[in-house]
Amino acid sequence: MRQHPRRAEAVFLTLLVLTLAWGILSFGGVYPWAYTPLLAAAALLGLFGVVRGRGTLPRGTAIALLIVALAVSLQLIPVP
């Protein structure tokens with residue numbers, strides 16, 4: 001049985017808001033009990049959003065994700 005598109009969108013947005021709230025309410029996700037479910041929820045929602053959308057990322061989104069990945073990678077370099 002297929003869900004109505006608006007209902008699926010409403011469920012997606014509700015889960016997205018709950019995931020964002022979890023990150024905020026769990027002290028920014030700096031503890032293992034906070035960041036593990038936050039990471040899983042964010043990854044699943046992101047994957048669902050890409051698959052549910054067109055299945056490909058727009059060029060601007062891909063560039064933005066690459067910039068974020070670069071910024072994260074730079075933080076892994078130890079600086080005295």
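A residue is termed exposed when its relative accessible area is over 50%, and buried when that value is under 20%. In the predicted model described here, F27 has a relative accessibility of 59% and therefore counts as exposed. This residue is found in the loop between helix α1 (5-25) and helix α2. F27 also belongs to a nonpolar patch on the surface, which it forms with W22, V30, Y31 and W33. Together, these residues have about 590 Å² of accessible area.

The secondary structure of the protein chain consists of three helices and zero strands. Read from the N terminus, the order of the elements is α-α-α. The chain has 80 residues, of which 10% are buried. Its accessible surface amounts to about 7000 Å², and carbon and sulfur atoms account for 74% of this area.

Helix α2 was examined with respect to both its length and its two sides. The helix comprises 21 residues (residues 32-52), and at 1.5 Å a residue these should span 30 Å. The C-alpha atoms at its ends lie 29 Å apart, which agrees with the expected span. The buried residues of α2 are A34, L38 and L45. Because these residues cover an arc of only 45 degrees around the axis, they are placed on the same side of α2. On the other side of the helix, L39, L44, L47 and V51 are exposed. The leucines of α2 thus appear in both groups: L38 and L45 are among the buried residues, whereas L39, L44 and L47 are among the exposed ones.

The confidence of the prediction was also considered. Over the protein chain, pLDDT averages 82, and 89% of the residues score at least 70. Confidence is highest in helix α3 (residues 59-75), with a mean of 88. The lowest confidence is found in α2, where the mean is 84. The description of the buried and exposed sides given above therefore concerns the helix with the lowest confidence in the chain.

Notes:
Residues numbered from 1 in each chain as written. Predicted model: local features only at pLDDT ≥ 70, side-chain atom pairs only at ≥ 80, totals over all residues. Heavy atoms only, no water. Helix = DSSP H or I, 4+ residues; strand = E, 2+ residues; numbered from the N terminus. Expected span 1.5 Å × (residues − 1). Buried < 20%, exposed > 50% of the residue type's maximum accessible area, 1.4 Å probe, protein only. Arc of directions from axis to C-beta. pLDDT = per-residue confidence, 0-100. Patch = residues over 30% accessible without salt bridge, like charges linked within 9 Å, V, L, I, M, F, W, Y side chains within 5 Å. Areas by Shrake-Rupley, 256 points an atom, 1.4 Å probe, with all protein chains shown as cover. Salt bridge = Lys/Arg side-chain N within 4 Å of Asp/Glu carboxyl O.
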